Amino acid sequence: MEKDLVLASGSEIRAQMLQSAGVSLRIQPARIDESAIKESMISEETSHRDIADALAEAKARKVSAKSPASLTLGCDQLLSFEGNVFSKPKSKDELHEQLSILQGQKHTLYTAAVLYHAGEPQWRHVSTVRLTMRHLSDQFIQTYTDRNWPDLETSVGGYKIEAEGVRLFSRIEGSHFAILGLPLVELLNHLTVIGYLET
């Protein structure tokens, strides 16, 4: 196996986490129709956890086909609340609506990662994080949205925990890295076990 990791994602924060941990990588975002896959699986009543896993695998598989000798990492995040899936907000109004629904409630964030090599999945992990959002006034939601848009249009749920978004929560149960978009500890452990990373 070549010591070449391809990140099938354009997420800057995922790349930063890996690079900060001393992992060299190449970035090659996957081009897949996420909405079509998601809608199809939702219509089949697939669990939200499995949808996140399937999307991560689809990205890894697509990019791995072009670099089969390399390790390819596909990732995905999915926000689940009362049986519904929340996607990245497409507008300030949609962000405001999402936060209005989530405020004062607990939701679940599934963060999936799948490693591909030689056209086959080699490892997968889905982290589960439960987040309880504070009761927020409509005025706060509006000013928060105005201050942080359009930076939040790339964030599932409309918050960045590494920035002002951490103020939205009264309780977080789960990995900080998973909220940022990657089950980093579990991934690094696997890369160490298979000899990809030195100890």
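This report describes two packed helices, one largely covered helix and two buried residues in a predicted model.

**Helix 4 and helix 5**

Two packed helices are described by the angle between their axes and the distance between the axes. In this model, helix 4 spans residues 92-102 and helix 5 spans residues 138-148. Their axes come within 10 Å and cross at roughly 140°. Helix 4 is therefore oblique to helix 5, since only angles over 145 degrees count as roughly antiparallel. The crossing of the two helices is right-handed.

On the side of helix 4, the contact is formed by Lys92, Leu95, His96, Leu99 and Ser100. These residues meet Asp138, Ile141, Gln142, Tyr144, Thr145 and Asp146 of helix 5. By character, the residues of this contact comprise four nonpolar, four polar and three charged ones.

**Helix 3**

Helix 3 runs over residues 48-64 and contains 17 residues. From its first C-alpha to its last, helix 3 reaches 24 Å, close to the 24 Å expected at 1.5 Å a residue. Helix 3 is mostly covered, with twelve of its 17 residues buried. Among the buried residues of helix 3 are Ile51, Leu55 and Val63, and also the charged residues Asp53, Glu57 and Lys59. The buried residues of helix 3 pack against helix 2 (34-43) and against several strands, including strand 1 (5-7), strand 3 (71-81) and strand 6 (120-133). Strand 4 (84-86) and strand 5 (106-117) are also among the partners of these buried residues.

**Two buried residues**

Leu115 is located in strand 5, whereas Trp149 lies in the loop between helix 5 and strand 7 (169-173). Leu115 counts as buried because its relative accessibility is 0%. Trp149 has a relative accessibility of 19% and also counts as buried, because the cut-off is under 20%.

For each of these residues, the table gives a partner, the separation along the chain and the C-alpha to C-alpha distance.

| Residue | Partner | Separation in sequence | C-alpha distance |
|---|---|---|---|
| Leu115 | His190 | 75 residues | 10.0 Å |
| Trp149 | Ser91 | 58 residues | 8.5 Å |

Beyond residues up to four places away in sequence, Leu115 touches Leu5, Leu71, Thr72 and Leu73, among others. Its contacts also include Trp123, Leu187, His190 and Leu191.

With neighbours within four places in sequence left aside, Trp149 is in contact with Pro89, Lys90, Ser91, Lys92 and Leu95. Of these, Lys92 and Leu95 belong to helix 4 and also take part in its contact with helix 5.

Key
Residues numbered from 1 in each chain as written. Predicted model: local features only at pLDDT ≥ 70, side-chain atom pairs only at ≥ 80, totals over all residues. Heavy atoms only, no water. Axes fitted to C-alpha atoms, helices over the stretch in contact; angles between N-to-C directions. Helix = DSSP H or I, 4+ residues; strand = E, 2+ residues; numbered from the N terminus. Parallel < 35°, antiparallel > 145°, perpendicular 65-115°, else oblique. Left-handed = near helix turned anticlockwise from the far one by under 90°. Contact = heavy atoms within 4.5 Å. Expected span 1.5 Å × (residues − 1). Buried < 20%, exposed > 50% of the residue type's maximum accessible area, 1.4 Å probe, protein only.
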